[in-house]
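Dear colleague,

I am handing over a structure for you to look through, and I would be glad if you kept it open while reading the notes underneath.

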Amino acid sequence: MPSASATPWDGVPESDVTPAQALVARAHREAYAARHAPTAGDAEFLNGYERASCPRCASPDIVRDGFDSRGVRRWACRSCGRTFTPATGTIFEGRKVPVSDWCEFVIQLLSFDSVREIARSNRRSPTTPPWWLAKLFLVLDGIQDGTVLSGRVQIDETYYPVPAAEAERNADGSLKRGLSRNKLCIAVATDGRGRSAFEPCGRGKPSARRALAAYSGHVARGSTLLHDKEKSHRALVRELGLASVEYDSRRLKSLPDRENPLADVNRLHFLLKSFLDAHKGFDRADLKGWLDLFSVIANPPSGAMEKAAMVLGRAMECPGTLRYRDFYGGGRS
Ligand SMILES: [Zn+2]
């Protein structure tokens, strides 16, 4: 059996090969190389992350133990006797595709491409991107914890519909209207200087409790809150000792952007809605993950590639793993 990379002209002197045969041979070899060595960069990337303890038993008593068949550093744990690599315990453990593919996926998402579009352009099985997405959300979990805005902070809620199938209806079967429980409430806060936070805030108009839960971690004590006359915000003002400037939202609507004191938060509402619309069929149960992802888009660093590098670095420092089996099969096979 000839190997898959073989061509009929291997070993044939160049002078005996026609230009057409040479081109076919080269095209075949290049396609083969691209298919079979796409993981070339993985080992370098993974080996760039040192490990200080065993990801299985947390013991610091570990030693280097050569490399695996893909050139990835192997470690041995002298406490539990098991081996591991830098990928163990991260989302790259047990990966079937190169890290660079996942990176490309992240860049596309950060550039507003929809998941279905990505599946089509990468010619992958349609089940792959949701699984990758779940891994991405796992990596992003907690990424907004450090976002605490200060100075003059604008806050406002925006609303996004639940899918028709999940909507609550009136007794006559018609959909409930207005800011009912059929709208997901999203709390948005920004300092107007490039830093913003996005949190799920239940359904319909927020209660004081929900507003507190969504905003209080993202506004520094003593800041000045710029907002509309939404009653639930008062709890936040009281709790964090904020100075409060309230505006009448009906009046703001008639102002041009540059005179609107809530223009920054309004603009984020608009961008967020376009982003969510680009992923229309998204599972509303994943709203938190989508908002974490949007926070990466809206906050520094700028540029999809810089953002992807930040996410990739976080993935190596984030201990969570999500295996294909766990995501789709509930561990059955
Ligand atoms: Zn161990």
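The notes below take the metal site before turning to the aromatic rings.

Please keep in mind throughout that this is a predicted model.

Let me begin with the metal. The zinc ion is held by four cysteine sulfur atoms, namely the SG atoms of Cys54, Cys57, Cys77 and Cys80, at distances of 2.3 to 2.4 Å. What is the geometry of this site? The angles among the four donor atoms run from 104 to 119 degrees, and the site is tetrahedral, since four donors count as tetrahedral if all angles lie between 85 and 135 degrees. For orientation, the ideal angle for four tetrahedral donors is 109.5 degrees.

If you follow the donor residues along the sequence, you will find them spaced as C-x2-C-x19-C-x2-C. Cys57 belongs to the loop between α2 (40-47) and β1 (62-67), whereas Cys80 belongs to the loop between β2 (73-77) and β3 (83-84), so this pair ties together parts that are 23 residues apart in sequence. Cys57 is partly exposed, with a relative accessibility of 33%, and Cys80 is also partly exposed, with a relative accessible area of 29%.

Now to the rings. Across the whole structure, a search finds 11 aromatic pairs. One of them joins Phe92 and Trp102, whose ring centres are 5.4 Å apart and whose planes meet at 90 degrees, so the pair is edge-to-face. Phe92 sits in the loop between β3 and α3 (99-110) while Trp102 sits in helix α3, and the two residues are 10 residues apart. Phe92 counts as buried because its relative accessibility is 3%, and Trp102, at 3% relative accessibility, counts as buried as well.

Another pair is formed by Tyr160 and Phe282, where the ring centres are 6.0 Å apart and the planes lie at 35 degrees, so the pair is described as tilted. Which parts of the chain does this pair tie together? Tyr160 is in strand β4 (residues 152-161) and Phe282 is in the loop between α9 (263-278) and α10 (287-298), so the parts that are joined lie 122 residues apart in sequence. Both residues, Tyr160 and Phe282, are buried.

These two rings also belong to a cluster linked by ring pairs, which consists of Phe137, Tyr160, Phe198, Phe275, Phe282, Trp290 and Phe294. Phe282 has a further neighbour to look for, as Arg284 lies over the face of its ring, at 4.3 Å from the ring centre.

With best wishes

Terms used: Residues are numbered from 1 along each chain as its sequence is written. This is a predicted model: local features need pLDDT of at least 70, side-chain atom pairs count only at pLDDT 80 or more; totals for chains, interfaces and linings use all residues. Side-chain values use heavy atoms; hydrogens and water are left out. Donors are N, O and S atoms within 2.8 Å of the metal (3.2 Å for Na, K and Ca); water is not among the atoms, so sites may look incomplete. Four donors count as tetrahedral if all angles lie between 85 and 135 degrees; four count as square planar and six as octahedral if opposite donors are over 155 degrees apart and all others between 65 and 115; anything else is irregular. Helices (H or I, at least four residues) and strands (E, at least two) are DSSP runs, numbered from the N terminus. Buried means under 20% relative accessible area, exposed over 50%, partly exposed in between (1.4 Å probe, protein chains only). Rings of Phe, Tyr and Trp (its six-membered ring) pair if their centres lie within 6.5 Å; planes under 30 degrees apart count as stacked, over 60 as edge-to-face and the rest as tilted. A charge sits over a ring if NZ of Lys or CZ of Arg is within 6 Å of the ring centre and within 35 degrees of the ring normal.
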